[in-house]
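Hi,

Here is the model I said I would pass on. Have a look at it first, and then read on for what turned up when I went through it.

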Amino acid sequence: MSVSIKKELAHFMDGLRKRNPHEEEFHQSVEEVAESVFPWYLDHKQYRDAQILERVTEPDRVIIFRVTWEMDDGTIRANRAWRVQFNHSLGPYKGGLRFDPSVTLSVLKFLGFEQIFKNSLTGLPMGGGKGGANFNPKGKTDREVMRFCQSMMTELHRHIGEDVDVPAGDIGVGAREISYLFGQYMRLENRWSGVMTGKGASFGGSAIRTEATGYGCVYFCEHMLNEHGEDLEGKTVAISGSGNVALYAAQKAMQKGAKVITLSDSSGFVHAPEGLNPEQWEFARVLKEQRRGRLSEMAEQFRDISHHTGIRPWQVPCQVAMPCATQNEIDESDADQLIRQGVIAVCEGANMPATVPAVHLLRDKKILHAPGKASNAGGVAVSGLEQTQNAMRISWSREEVDERLQKIMRQIHQRCVAHGKVNGRIDYVVGANIGGFQKVAEAMLAYGVL
Ligand SMILES: NC(=O)C1=CN([C@@H]2O[C@H](COP(=O)(O)OP(=O)(O)OC[C@H]3O[C@@H](n4cnc5c(N)ncnc54)[C@H](O)[C@@H]3O)[C@@H](O)[C@H]2O)C=CC1
Ligand SMILES: O=C(O)CCC(=O)C(=O)O
């Protein structure tokens, strides 16, 4: 990047930081996109004259509201909730809801911003949004979670709709929460509509939505490896997380013949040096999806699995790393350790799991690096297919949805390759950012000054 482009980029980022103080995660996500697209953006006078980058980094609107609810013992609690409707140039706002004590406006703005370009990459008509609350579902009873969800939807329902904004799940929001939220929407609006995705199969949910993000991540990883003369079969894969994305990434990687050697949760990681077997994977699934327990139980149950408290899995040598837990879970020293231990590919299941210095190090050392907005787009893609099925009042089979998911992941990979050629190699971060940004910019330009 030339000195003058670097100066303009620094000027743009300074302005963004001043307009959005104390929003570090949001700054980080914008910086990653801006440093990829800036040279291209400055080359396209029509976008620059229309101030597309300045406009796309400002959400259309942010809704902030209080959620008051009652615990089983009668204690009254109040949480804060948000819906960030970031950009609907390509379709209704679309993106998950996150329930976690760490949720802030900054976190939801970074997620909503990423979602714009991810959704664009899927090729489906979806804009970008995200929402959530600083509510911790861990340790709450089903009834407490139900009352929280009902109270949250009592406000949220005014702002969403199948052609307006279609929420789904994310961290802390799975099948149980979606069902409570969707039920309350129906009660308030007195009509059934595909206003949320990730619904149960018996009430409008799509086949494969549960598995889609993890499966899609593995499909993308396979394309990326194949493009570089490698294959997933026989590779050692370290996965972080043990939630929705991690579990199904692990399952698909195992089906493809890879050796999945780690899973993690917020208390530490489990190490299976010989690779998880299907019985151990099923134990992890029931433990996390149904019993909501701790991964350390796996080490108590299986002799060939060890548990390591309070540390991330990146110290274990692996050929492929799949961060599938949360943002900034790979910092520069983790990336350095992964590289020194022979990693050839990092494929992101989580959103923005690598810090900016870690991303730069992976790029400088020419490690294949699939950014989440490309490699984890399978989840929202199947959500888009759920919307289509709901609108058509039909439901496709598992095979049909999986086939469409595979096709979408192949096309996203092709788009990254087409836009990511830098100095004789494919930079997937650049490819995903330009590939996603271009369509949004074209639409915004076409709409005139809005
Ligand atoms: N669910 C979906 O369809 C999609 C999710 N994502 C992203 O994937 C990531 C995981 O989401 P889900 O699997 O849906 O959530 P989940 O709630 O099912 O699982 C989250 C996992 O991350 C772990 N985790 C959370 N915070 C952590 C921390 N601070 N340190 C270590 N581990 C931590 C949890 O223990 C759990 O295993 C998030 O970044 C999310 O934004 C991305 C695309 C779609
Ligand atoms: O399925 C969806 O609408 C949202 C998925 C999501 O939150 C994400 O892609 O990060």
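Before the ligands, one cut-off: a residue counts as near a molecule if its C-beta atom, placed from the backbone, lies within 6 Å of it. Please also keep in mind that this is a predicted model.

With that cut-off, ligand 2 is surrounded by K94, G95, G96, Q115, K118, A168, D170, T197, N351, G379, V380 and S383. Three elements, β3 (93-99), α5 and α15 (378-392), give two or more residues each to this shell. By class, the shell around ligand 2 has two nonpolar, seven polar and three charged residues.

Ligand 1 has 23 residues around it, and those that come nearest are G243, D265, A325, A350 and G379. You will recognise G379 from the list for ligand 2 as well. Both α9 (244-255) and β7 (259-265) supply at least two residues of the shell around ligand 1, and α9 gives the most, with three. The shell around ligand 1 splits into six nonpolar, 15 polar and two charged residues. At least three of its residues come from each of domain 1 (61-192) and domain 2 (211-370).

That brings me to the domains. The protein is divided into domain 1 (61-192) and domain 2 (211-370), and their C-alpha centres lie 27 Å apart. Where they touch, five residues of domain 1 are in contact with five residues of domain 2. On the domain 1 side, the touching residues are three nonpolar, one polar and one charged.

Now the sheets. One is an open sheet of five strands with mixed pairing, in the order β1-β2-β4-β3-β5. At its edges are β1 and β5 (165-168), each of which pairs on one side only. From one strand to the next, the twist averages 20°.

Going through the pairs in that sheet:

- β1 (residues 61-70) and β2 (residues 76-87) are antiparallel, paired over 10 bridges. I64 has W82 in β2 as its bridge partner. The hairpin of β1 and β2 has five residues between the strands, and G74 there takes a positive phi near 95°.
- β2 also runs antiparallel to β4 (residues 127-133), joined by six bridges, with A81 opposite A133 in β4.
- β3 and β5 run parallel and are joined by four bridges; here Y93 stands opposite D165 in β5.

So which order do the strands of the seven-stranded open sheet follow? Reading across, they go β9-β8-β7-β6-β10-β11-β12, and the pairing is mixed. β9 (306-309) and β12 (368-370) stand at the edges with a single partner strand each, so one side of each is left without a neighbour in the sheet. The twist here averages 15° from one strand to the next. Within the sheet, β6 (residues 236-240) and β7 run parallel and are joined by three bridges, and T236 stands opposite K259 in β7. Helix α8 (residues 209-227) packs on this sheet, where it touches β10 (320-323), β11 (345-347) and β12. The direction of α8 makes about 150° with that of β11.

Last, a helix pair you may want to zoom in on. Helix α2 (residues 24-43) packs against helix α5 (residues 105-122) at an angle of about 25°, and their axes are 6 Å apart. Because of that angle, α2 counts as roughly parallel to α5. On the α2 side the contact is made by E24, E25, F26, Q28, S29, V30 and V33. On the α5 side it is made by S106, V107, K109, F110, F113, E114 and F117. Which classes do the residues of the contact of α2 with α5 divide into? They come out as seven nonpolar, three polar and four charged. If α5 rings a bell, that is because α5 was also among the elements giving two or more residues to the shell around ligand 2.

Cheers

Notes. Residues numbered from 1 in each chain as written. Chains lettered and ligands numbered in written order. Predicted model: local features only at pLDDT ≥ 70, side-chain atom pairs only at ≥ 80, totals over all residues. Nonpolar A, V, L, I, M, F, W, Y, C, P; charged D, E, K, R; others polar. Domains from an automatic or database assignment. Axes fitted to C-alpha atoms, helices over the stretch in contact; angles between N-to-C directions. Parallel < 35°, antiparallel > 145°, perpendicular 65-115°, else oblique. Contact = placed C-beta atoms within 7 Å. Pairing = 2+ DSSP bridges.
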